[in-house]
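User: I should like to learn how to read several features of a structural model. Could you take me through them in turn?

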Protein chains: 2
Amino acid sequence: MSKNDNRNFVEQIADIETDFPRWYTDVVIKTQLVDYGPVKGTMVIRPYGYAIWENIQKELDKRFKATGHQNAYFPLLIPMSFFTKEAEHVEGFAPEVAVVTHAGGEELTEPLAIRPTSETIFGNMYSKWIQSYRDLPVLINQWANVMRWEKTTRPFLRTSEFLWQEGHTAHATEDEAMEETMKMLDVYREFAENCLSIPVITGRKTEKEKFAGAVATFGMEAMMKDGKSLQAGTSHFLGQNFAKAFNIKFLDKDGAQKYVYTSSWGVSTRLIGALIMAHGDARGLVLPPAVAPYQAVIVPIAAKKGGVMEACAQLKAKLEEAGVRVLLDDTDNSPGWKFNEWEMRGVPVRIEVGPRDLEEGKIVLFRRDTCTKDFYPLANAVQEVETLLGTIQKDMLEAARVRRDSRIIDADDVDGILKGVESGNFVKAGWCGCRECEDKIKERTAATARVFAPENTHEKCAVCGKKALHTVFFARAY
Amino acid sequence: MSKNDNRNFVEQIADIETDFPRWYTDVVIKTQLVDYGPVKGTMVIRPYGYAIWENIQKELDKRFKATGHQNAYFPLLIPMSFFTKEAEHVEGFAPEVAVVTHAGGEELTEPLAIRPTSETIFGNMYSKWIQSYRDLPVLINQWANVMRWEKTTRPFLRTSEFLWQEGHTAHATEDEAMEETMKMLDVYREFAENCLSIPVITGRKTEKEKFAGAVATFGMEAMMKDGKSLQAGTSHFLGQNFAKAFNIKFLDKDGAQKYVYTSSWGVSTRLIGALIMAHGDARGLVLPPAVAPYQAVIVPIAAKKGGVMEACAQLKAKLEEAGVRVLLDDTDNSPGWKFNEWEMRGVPVRIEVGPRDLEEGKIVLFRRDTCTKDFYPLANAVQEVETLLGTIQKDMLEAARVRRDSRIIDADDVDGILKGVESGNFVKAGWCGCRECEDKIKERTAATARVFAPENTHEKCAVCGKKALHTVFFARAY
């Protein structure tokens with residue numbers, strides 16, 4: 001986009017109310033978060049999008065390390081034979097694997113998969129590294145690219161290559177591995193709420209929806225503005241499935257050789273898609289301060305008038321010193337153009353500095369989440385901006401929570417589920433636990449079982465009427 | 001390695017004087033920096049090795065951002081046809097590319113290369129993003145994995161997959177692109193000296209040694225303890241080669257359509273190999289504090305005696321508060337075992353805390369670089385450790401510089417070059433500039449032209465005796 005383009009930005013973006021999918025595509029492209037790569041289904045994460053990912057990484061990495069994990073890096077290429085060692089795993093992942101058959105000018109003796117996930121290669125190395133109970137637990141995470149060949153792709157939500165982190169841990173006991181699984185799910189939940197301002201519903205997934213090779217998968221689900229659900233992170237209890245497939249054994253204190261228990265957990269650049277669709281509005285992005293590339297943008301008004309640019313530069317220096325990520329937009333564009341641009345790009349706070357206000361020792365702070373503005377004393381600007389950023393972070397979570405909670409309903413039958421999801425709700429309904437009923441709901445409503453509710457509040461299955469084993473959150477999902 | 005293993009560590013490592021290659025392999029494996037991956041030529045970077053990479057990333061990333069660069073992420077897979085657009089580039093990289101031919105269960109219509117470097121895909125996107133002089137310069141870096149299928153591999157030094165950063169910039173003028181090329185070379189030099197404590201020789205490379213597709217390549221060369229050179233980073237001035245191949249044009253201020261000028265520059269996990277071989281000794285690793293995973297390790301002596309563990313824990317908390325990366329080794333192993341382990345793993349400072357010294361208000365600080373120790377007052381421990389870390393960082397650079405400078409000699413003929421490199425020197429010699437003479441030196445001495453010296457101090461070419469155009473550093477190289 002040329003910097004002199006004076007079109008109205010809002011008109012460039014499809015209407016969020018009537019064409020949400022198009023609105024999403026317009027927003028991700030026009031705010032320069034991302035572009036399409038030359039190979040179908042790939043994306044280029046542009047600097048503005050990558051800066052969000054860097055902030056997500058920083059926040060999550062801090063939490064992983066505080067819970068005792070270390071980072072490492074495992075190879076991209078995995079022998080195809082590794083996948084066949086765990087029966088469910090190969091069934092789930094083989095169809096979407098990208099395969100290297102030639103390298104260095106020659107055909108390879110064994111084709112190699114580009115990792116779609118790394119349980120198998122971690123398993124292979126853990127079987128070598130783990131010998132004794134003294135070597136346990138092993139708590140390793142990696143930040144990496146992975147590849148899953150998908151038919152239908154959308155930037156951040158589903159692309160053939162994406163960036164993620166994958167934790168892989170090994171433990172002496174089942175309890176410890178389960179504790180780890182739940183601990184990391186909770187790390188994700190806390191991060192989603194406090195950094196992304198996204199309230200999430202966490203819980204166990206059905207057999208149908210679980211990770212291929214897991215004993216149990218726990219997910220966190222976030223409601224997007226169209227009422228659909230986005231799976232924003234998962235944590236898997238793998239039991240001894242991969243330990244047996246890769247022969248990861250240890251000598252326990254009692255002198256016996258035992259298989260370890262493992263877990264794995266991951267979140268990806270999908271989270272950027274979640275941010276966009278959980279908070280965005282008709283004007284474009286609305287970014288929570290904790291992960292916004294710029295937390296504040298300074299826009300000089302009548303920049304050529306005496307003292308304006310000096311005041312802007314001083315304010316910028318002071319904010320940077322206080323650790324605020326701030327941009328001073330000193331381009332030739334008009335203030336109105338800048339207002340539009342940075343609103344579209346979701347900067348949480350805009351600081352307007354004009355000659356008349358300056359004379360009165362005032363500045364204007366505009367908050368993106370509510371699109372409201374007010375005067376503040378210039379002398380106290382840094383503190384006011386910091387306070388406002390904290391307020392926005394909390395208010396965005398609260399607004400998202402109110403929005404979501406108003407759109408969770410209960411249903412007793414399939415018609416109720418259908419009506420509920422058609423009008424953009426998460427629907428809680430009873431389920432007997434059988435695959436047939438789960439499939440029937442999907443067929444009739446296009447909704448899937450997202451996670452089990454913490455308590456079973458329904459007596460009967462919405463499909464067959466038999467005793468409900470679980471109350472399940474049903475929703476249409478990304 | 002089992003934690004109760006009481007063997008003498010030093011005996012596990014081959015002798016550095018008589019078998020340097022084996023010493024290297026022993027050190028990287030036994031200190032758990034790295035392990036061999038299941039696919040030939042791949043490596044698993046283990047937590048202890050990856051922590052070094054994280055520190056390298058943090059230091060470099062800070063410098064890239066301070067010089068105006070932003071991070072982004074470009075796709076792993078590049079259409080094979082992209083490589084053929086720049087003639088030299090395809091010749092240099094096609095032979096070592098890994099190729100994806102199948103994905104999602106089907107054969108692809110066009111085979112895809114796993115990136116060996118990303119000039120082509122950056123070029124493709126830049127041609128789309130750059131329209132006007134207002135869009136320039138574009139200053140983007142990415143942290144990524146790349147793959148080059150190599151016949152002979154060694155952990156960190158040459159592996160089929162490695163981690164690196166690659167900066168790709170586009171500029172309106174030749175001068176600006178050249179300025180960028182030299183600026184980033186200098187960023188690398190300053191980083192190598194101040195963070196890795198490695199003195200480097202920087203300079204232009206010959207046509208033969210330059211990057212495939214560059215107009216000119218500038219490298220930094222580091223001397224390893226065996227006198228061989230390791231290319232530790234390169235910065236390329238690409239002229240308009242990639243601009244023309246990918247049609248990256250802009251409308252200049254004068255109204256004319258012009259091709260941009262580009263640069264690219266990179267360093268990789270090779271730097272970890274450089275660290276090991278520039279500083280390591282008979283006992284194992286010697287790590288400079290700026291990038292060491294742990295800067296200090298606390299070893300309790302007679303840990304069960306009253307007050308020792310408490311003092312250790314307090315000291316650890318204080319050091320952490322001061323920002324020192326510190327480990328308290330509270331395992332059951334003997335102090336002697338711990339001394340050996342952490343010396344082998346290269347921790348810059350060991351803090352010994354014993355009951356008798358504690359009574360006298362003292363601790364012992366051992367410095368790994370000189371293998372000397374002394375008493376220090378406990379009351380002042382944090383400051384003493386911080387000062388010592390700074391001293392070690394500087395002394396390691398100075399020691400490496402003295403070592404290297406004593407091993408740079410001049411030669412006037414090929415025999416002189418041969419004798420020089422055989423006894424582990426960098427040899428400065430005159431060169432007429434022709435490929436034949438360069439090839440002859442390589443044939444006869446196994447040394448290659450590393451970089452041009454800043455000044456030409458030789459009158460004649462060491463091979464043909466004609467007028468020397470450059471004085472060149474010749475060395476055997478990794």
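Analyst: The turns below treat the relation between the chains, then a helix, then single residues. This is a predicted model, in which local features need pLDDT of at least 70 and side-chain atom pairs count only at pLDDT 80 or more, while totals for chains, interfaces and linings use all residues. Residues are numbered from 1 along each chain as its sequence is written, chains are lettered from A and ligands numbered from 1 in the order in which they are written, and side-chain values use heavy atoms, with hydrogens and water left out.

User: By what turn and shift can chain A be laid on chain B?

Analyst: Two copies of a chain are related by a rotation about an axis and a shift along it. Here a turn of 180 degrees with a shift of 0.0 Å along the axis lays chain A on chain B with an RMSD of 0.0 Å. That is the relation of a two-fold axis. The superposition is by least squares on the C-alpha atoms of residues with pLDDT of at least 70 in both copies. Of the residues of chain A, A:V100 comes closest to the rotation axis, its C-alpha lying at 2.1 Å.

User: Through what surface do the copies meet?

Analyst: Contact means heavy atoms within 4.5 Å. Since 100% of the interface residues of chain A are also interface residues in chain B, the copies meet through the same surface.

User: Which residues of helix 10 of chain B are buried?

Analyst: Helices are DSSP runs of H or I with at least four residues, strands are runs of E with at least two, and both are numbered from the N terminus. Buried means under 20% relative accessible area and exposed over 50%, with partly exposed in between (1.4 Å probe, protein chains only). In helix 10 of chain B, the buried residues are B:V308, B:A311, B:C312, B:L315 and B:L319. Seen down the helix axis, they fall within an arc of 100 degrees, so they line one face of the helix; the arc is that of the directions from the axis to the C-beta atoms. On the other side, B:Q314 and B:E321 are exposed.

User: Against what do the buried residues of helix 10 of chain B pack?

Analyst: Their partners in chain B include strand 15 (296-300), strand 17 (349-353) and helix 13 (381-405).

User: Where is A:E96 placed, and what is its nearest side chain of opposite charge?

Analyst: A:E96 is in the loop between helix 5 (87-93) and strand 5 (98-103) of chain A. A salt bridge requires a side-chain nitrogen of Lys or Arg within 4 Å of a carboxyl oxygen of Asp or Glu. A:E96 is buried yet has no salt bridge, the nearest side chain of opposite charge being A:R148, 4.4 Å away. Leaving aside neighbours within four places in sequence, the contacts of A:E96 include A:R148 and B:G104.

Technical notes: Lys and Arg count as positive and Asp and Glu as negative; His and the chain ends are not counted.
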